[in-house]
Amino acid sequence: MAFDGAQEKGRSKAEERPAARPRVMYVIGGIGSGKSSVARRLAQLGAPVYDLDAAGHEALRLPAVKRELRAAFGAGVFDDDGEVARPRLAQAAFATPEGTAALNRVTTAAIVRLLDEWLDRQAAAGERVCVVEVSAYDGPHGRFPAPDETLAVVAPLEERVARAVAKGFGEADVRARIARQATDEERRAWADAVIVNDGTPEALDAAVDAWWRAHS
């Protein structure tokens, strides 16, 4: 377990950020890595934290997003109350690369708007550093705006599988999800700093604390 300060690359993008906007730190990691535990610890330490998965769920309730999803996938992805039925949407969208691209195109734009609105509220509250938990991060030139800094949370494969299974996921499902996600090697390459979550929860907290002290 370690906060790998040696991997700090100093790629500050402060000159690209509006003066009033807080510094934006992404926390990235795959299923079972401990990324959400890191985000929770940062919230305990006083960091404003935004979960893009939660933003994705909120986006599916927006009228404009519903209209675009209905146009792309039909009425079958909605329930009797007119809300998006996420399992049906996933089945329809992930059946083809074109469907996945259409889903990403519709939802990403809404998620980014929600993130921008949240960052504006944090700026108005005087926050200087904000943390964003990003499960589906696909690199600095991917779907989401480039942050000021990226913290990757990585862990040995079998530990990731065991943690996810302990939370109720099926092992085959976990391994399939890991295979579809970015690799830890890719996350290390994208990140400015890395936490290796291969020890106890207390050791993870200590690593997070060390990283936060260097940024708050």
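Begin by selecting glutamate 158, whose place is in helix α6, residues 157–166; helices here are DSSP runs of H or I with at least four residues, strands are runs of E with at least two, and both are numbered from the N terminus. The model is a predicted one, in which local features need pLDDT of at least 70, side-chain atom pairs count only at pLDDT 80 or more, and totals for chains, interfaces and linings use all residues. Residues are numbered from 1 along each chain as its sequence is written, and side-chain values use heavy atoms, with hydrogens and water left out.

With glutamate 158 still selected, colour by accessibility: its relative accessible area is 46%, so glutamate 158 is partly exposed, where buried means under 20% relative accessible area, exposed means over 50%, and partly exposed lies in between, for a 1.4 Å probe and protein chains only. Add arginine 175 to the selection, and a polar contact of 2.8 Å can be drawn between the side chains of glutamate 158 and arginine 175; such a contact is a pair of N or O atoms within 3.5 Å, and within protein one must be able to donate a hydrogen and the other to accept it, while residues adjacent in sequence count only if both atoms are side-chain atoms. Then set a distance monitor from glutamate 158 to glycine 32, which reads 9.4 Å from C-alpha to C-alpha although 126 residues separate the two in sequence.

Next, stay in helix α6 and pick arginine 160, which counts as buried because its relative accessibility is 5%. Its side chain reaches the backbone oxygen of isoleucine 31 at 2.9 Å. Show its contacts, meaning heavy atoms within 4.5 Å, and, leaving aside neighbours within four places in sequence, the list for arginine 160 includes Gly30, Ile31, Gly32, Ser33, Gln181 and Asp184.

From there, move to serine 33, in the loop between β2 (23–28) and α1 (35–44). Serine 33 is buried, with a relative accessible area of 0%, and a polar atom of its side chain lies 2.8 Å from the backbone oxygen of glycine 30. Not counting residues up to four places away in sequence, serine 33 touches Val153, Ala155, Arg160, Arg163 and Asn197.

Now display α1 together with helix α9, residues 201–213, whose axes come within 10 Å and cross at roughly 55°; axes are lines fitted to C-alpha atoms, for helices over the stretch in contact, and angles run from 0 to 180 degrees between N-to-C directions. α1 and α9 are therefore oblique to each other, given that angles under 35 degrees count as roughly parallel, over 145 as roughly antiparallel, 65 to 115 as roughly perpendicular and the rest as oblique. To see the contact itself, select Ser37, Val38, Arg41 and Leu42 of α1 with Leu204, Asp205, Val208, Asp209, Trp211 and Trp212 of α9.

For a second helix pair, turn to α2 (residues 52–59) and α5 (residues 97–124), where the axes come within 9 Å and cross at roughly 115°. Here Leu52, Ala55, Gly56, Glu58 and Ala59 in α2 meet Ala110, Ile111, Leu114 and Leu115 in α5.

Finish at leucine 89, in helix α4, residues 86–93, which is buried with a relative accessible area of 4%. Leaving aside neighbours within four places in sequence, leucine 89 is in contact with Leu60, Leu69, Phe73, Val77, Val84 and Leu103. A last distance monitor, between the C-alpha atoms of leucine 89 and glycine 76, gives 8.3 Å for residues 13 apart along the chain.
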